[in-house]
Amino acid sequence: MPKIISNTIQFHIAKYNDSANRFEHLLLKRASNAKLYPNVWQVVTGTIESGETALATAKRELEEETKLSTLKIWTLPYITQYFDVKNDAIGLAPCFAALVGKDSRVILSKEHSEYKWCVLEEAVDILPLPSHKEAAEVFEKCILENHLQKMFEITI
């Protein structure tokens, strides 16, 4: 019988583009030498370390992978799910989102080879994993469009 695990996070990052009058989502391309999903476009992801909270993991991974600082941060009303056949486990991952300054500069770790800022429609076209697409849509519709922004904002 598969076990249920929750040891990873997703972190969706956006900035406002004044000239496009829209938000743009940050996508990262995994390095070609990555053991898991080489050359795949994704959002910030990471594994929760022993004794670490999911939120602390999200903040650490953002710093490690991009060196970005957040203006606002939210928990998304969305949990990803996947099946890990190697470990016979059903994975559940909490999702977070943040807004960064429009002039923020991304500094990539060796884990990624490229980054790009895209409007939601382009991000959904580029992201291959359904959970990344779905969470990006939740971020845009529930948070960035202001509908549930205050309800899910993290103020600690």
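In this predicted model, the side chains of glutamate 64 and arginine 60 meet in a salt bridge, with 3.3 Å from N to O. The two residues are 4 apart in helix 1, which covers residues 54-66, and are therefore separated by about one helical turn. Their surroundings can be read from the accessible areas: glutamate 64 is partly exposed at 38%, whereas arginine 60 is buried at 17%. The cut-off for calling a residue buried is under 20% relative accessible area, so arginine 60, with its 17%, is placed in that class.

A further salt bridge joins lysine 67 to glutamate 63, where the closest N and O atoms are 3.6 Å apart. Both partners are partly exposed, lysine 67 with a relative accessible area of 43% and glutamate 63 with 40%. Salt bridges with shared partners also link Glu49, Glu52, Arg60, Glu61 and Glu64 into one network. The pair of glutamate 64 and arginine 60 described above is thus found among the members of this network. Lysine 67 itself lies in the loop between helix 1 and strand 6. Its backbone deserves attention as well, for lysine 67 has a positive phi of about 65° although it is not a glycine.

Across the whole structure, a search finds 10 salt bridges. One of them is formed by glutamate 111 and arginine 30, whose closest N and O atoms are 3.4 Å apart. Glutamate 111 belongs to the loop between strand 7 and strand 8 (112-118), and arginine 30 to strand 3 (residues 22-30), so this salt bridge ties together parts that are 81 residues apart in sequence. Glutamate 111 is partly exposed at 32% relative accessibility, while arginine 30 counts as buried at 12%. Another charged side chain is placed against an aromatic one: the charged end of lysine 116 sits over the ring of tryptophan 41, 5.2 Å from the ring centre.

The aromatic residues also pair with one another, and the structure holds 3 aromatic pairs. In one of these, phenylalanine 11 and phenylalanine 96 are arranged edge-to-face, with 6.4 Å from centre to centre and 80° between the planes. Phenylalanine 11 is part of strand 2 (residues 8-17) and phenylalanine 96 is part of strand 7, so the pair connects parts that lie 85 residues apart in sequence. Each of the two rings belongs to a buried residue: the relative accessibility is 1% for phenylalanine 11 and 6% for phenylalanine 96. Tyrosine 16 and phenylalanine 23 form an edge-to-face pair too, because their ring centres are 5.0 Å apart and their planes stand at 75°. Here the partners fall into separate classes of accessibility, since tyrosine 16 is partly exposed at 28% and phenylalanine 23 is buried at 18%.

Strand 6 provides a view of both the interior and the surface. Isoleucine 73 lies in this strand and counts as buried at 8% relative accessibility. Although isoleucine 73 and glutamate 153 are 80 residues apart in sequence, their C-alpha atoms are 5.9 Å apart in space. Isoleucine 79 also lies in strand 6, but it contributes to a nonpolar surface patch of about 580 Å². The other residues that make this patch are Ile4, Phe83, Val85, Ile90 and Leu92. Strand 6 (72-84) and strand 7 (89-99) each supply at least two of the patch residues. Between these two strands runs a loop that contains aspartate 88. Aspartate 88 has a positive phi of about 50° despite not being a glycine, and it is partly exposed at 33% relative accessibility.

The path ends at helix 3, which comprises residues 130-144. Its 15 residues reach 20 Å from the first C-alpha to the last, close to the 21 Å expected at 1.5 Å a residue. The buried residues of helix 3 are Ser131, His132, Ala135, Ala136, Val138, Phe139, Glu140, Cys142, Ile143 and Leu144. Just after the helix, asparagine 146 adopts a positive phi of about 75°.

Notes: Residues are numbered from 1 along each chain as its sequence is written. This is a predicted model: local features need pLDDT of at least 70, side-chain atom pairs count only at pLDDT 80 or more; totals for chains, interfaces and linings use all residues. Side-chain values use heavy atoms; hydrogens and water are left out. Patches are made of residues with over 30% relative accessible area and no salt bridge: like charges are joined within 9 Å, nonpolar side chains (Val, Leu, Ile, Met, Phe, Trp, Tyr) within 5 Å. Accessible areas come from the Shrake-Rupley method with a 1.4 Å probe; for residues, only the protein chains shown count as cover. A salt bridge is a side-chain nitrogen of Lys or Arg within 4 Å of a carboxyl oxygen of Asp or Glu. The expected span of a helix is 1.5 Å times one less than its number of residues. Buried means under 20% relative accessible area, exposed over 50%, partly exposed in between (1.4 Å probe, protein chains only). Rings of Phe, Tyr and Trp (its six-membered ring) pair if their centres lie within 6.5 Å; planes under 30 degrees apart count as stacked, over 60 as edge-to-face and the rest as tilted. A charge sits over a ring if NZ of Lys or CZ of Arg is within 6 Å of the ring centre and within 35 degrees of the ring normal.
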